[in-house]
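Reader: I would like a close look at one part of this protein, starting from a single residue and working outward to its surroundings. Please keep it plain.

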Amino acid sequence: MKVPSAAISRLVTYLRILEELEAKGVHRTSSEQLAEEAQVTAFQVRKDLSYFGSYGTRGVGYTVPVLKRELRHILGLNRKWGLCIVGMGRLGSALADYPGFGESFELRGFFDVDPEKIGRRVRNGVVEPMDLLPQRVPGRIEIALLTVPREAAQEAADRLVAAGIKGILNFAPTVLEVPKEVAVENVDFLAGLARLSFAILNPKWREEMMG
């Protein structure tokens with residue numbers, strides 16, 4: 001059964017809500033409460049969860065710690081993922097300083113081809129040359145944050161794939177060609193702004209777009 005990507009995004013939202021509820025000492029919740037906080041319908045909450053199993057009891061709802069644990073398992077957040085940043089310009093440097101990676105993601109490498117950037121200290125390491133990827137990735141880094149210019153993105157992706165990377169969060173405004181066993185998630189700021197401008201101008205479509 002194919003799970004829509006939008007459903008995965010909503011699971012992340014539900015998890016954040018559950019973490020907030022747990023921090024407040026709330027032990028039980030309902031699809032209605034999750035729906036209200038996530039700005040979707042209760043039916044949508046139940047449908048999203050049903051892709052992966054049955055987690056609630058009719059008339060009782062969900063046990064917050066249990067559902068939180070299950071969602072973390074589904075999303076692969078019950079383990080530590082090694083990250084690297086490729087492209088240490090303004091965006092890459094800003095991401096290196098970002099404090100919110102949480103307990104499931106750990107920055108373990110910073111790479112660039114610019115001699116002026118190589119050797120610079122960042123966060124808990126130093127910027128290294130791309131030639132060291134084959135030594136640094138295996139057994140240590142699974143996911144790369146790709147923040148290079150568009151014209152350099154495919155070559156950088158090829159080198160990441162060759163080094164054994166499993167997933168790429170792509171900030172470059174281009175479509176990457178990678179083997180099917182390598183997962184790619186594109187972060188496109190302009191596309192997001194275009195969707196927002198469309199939603200503002202077409203409010204009757206907004207609920208469908210945001211759902």
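Author: Leu67 is a good place to begin; it sits in helix H4, which spans residues 64–74. The model is a predicted one, and every value below is computed from it. Is Leu67 buried or exposed? Its relative accessible area is 2%, and because the limit for buried is under 20%, Leu67 counts as buried.

Which residues does Leu67 touch, once those up to four places away in sequence are set aside? They are Leu18, Leu34, Leu49, Tyr55 and Tyr62. Leu49 can be placed further: it is 18 residues from Leu67 along the chain, and the two C-alpha atoms are separated by 9.7 Å.

Next, the cores. The largest nonpolar core has 21 residues. Cys84, Val86, Leu146, Leu160, Ile165 and Ile168 are the members with the most contacts inside it. Three elements give two or more residues each to this core: strand S3 (81–86), strand S7 (143–146) and helix H7 (150–163). Of these, H7 gives the most, with five residues. A second core, separate from that one, has 18 residues, among them Leu15, Leu18, Leu21 and Val40. Leu18 is also one of the residues that Leu67 touches.

Val86 shows how the largest core is put together around one of its members. Leaving out neighbours within four places in sequence, Val86 is in contact with Phe111, Met130, Leu145, Leu146, Thr147, Val148, Ala156 and Leu160. Leu146 and Leu160 in that list are also among the residues with the most contacts inside the core.

After strand S3 comes a stretch with a record attached. An unreviewed UniProt entry gives the annotation "binding site" to Gly87, Met88, Gly89, Arg90, Leu91 and Gly92. Two of these residues can be described in more detail.

Gly89 lies in the loop between S3 and helix H5 (90–96). With a relative accessible area of 29%, Gly89 is partly exposed. Beyond residues up to four places away in sequence, Gly89 touches Asp112 and Lys117.

Leu91 belongs to helix H5. Its relative accessibility is 33%, so Leu91 also counts as partly exposed. With neighbours within four places in sequence left aside, Leu91 is in contact with Thr147 and Phe171. Thr147 appears among the contacts of Val86 as well.

The same kind of record covers a wider span. UniProt, again in an unreviewed entry, lists residues 76–175 as "domain: CoA-binding". The C-alpha atoms at the two ends of this span lie 25 Å apart, and the span is 25% helix and 29% strand.

Finally, the chain as a whole. It has nine helices and nine strands, and its C-alpha atoms fill a box of roughly 60 × 40 × 35 Å along the principal axes. Of the 211 residues in the chain, 36% are buried, and Leu67 is one of the buried residues. Among contacts between residues at least 6 apart in sequence, 54% join residues at least 24 apart. The accessible surface comes to about 13000 Å², and carbon and sulfur atoms account for 54% of that surface. As for charge, the chain has 28 positive and 26 negative side chains, and the centres of these two sets lie 4 Å apart.

Notes. Residues are numbered from 1 along each chain as its sequence is written. This is a predicted model: local features need pLDDT of at least 70, side-chain atom pairs count only at pLDDT 80 or more; totals for chains, interfaces and linings use all residues. Side-chain values use heavy atoms; hydrogens and water are left out. A nonpolar core is a set of buried Ala, Val, Leu, Ile, Met, Phe, Trp, Tyr and Cys residues joined through side-chain atoms within 4.5 Å. Buried means under 20% relative accessible area, exposed over 50%, partly exposed in between (1.4 Å probe, protein chains only). Helices (H or I, at least four residues) and strands (E, at least two) are DSSP runs, numbered from the N terminus. Contact means heavy atoms within 4.5 Å. UniProt positions are given in the numbering used here, feature names are shortened, and annotations may be inferred rather than shown by experiment. Accessible areas come from the Shrake-Rupley method with a 1.4 Å probe; for residues, only the protein chains shown count as cover. Lys and Arg count as positive and Asp and Glu as negative; His and the chain ends are not counted. The place of a charge is taken as NZ of Lys, CZ of Arg, CG of Asp or CD of Glu.
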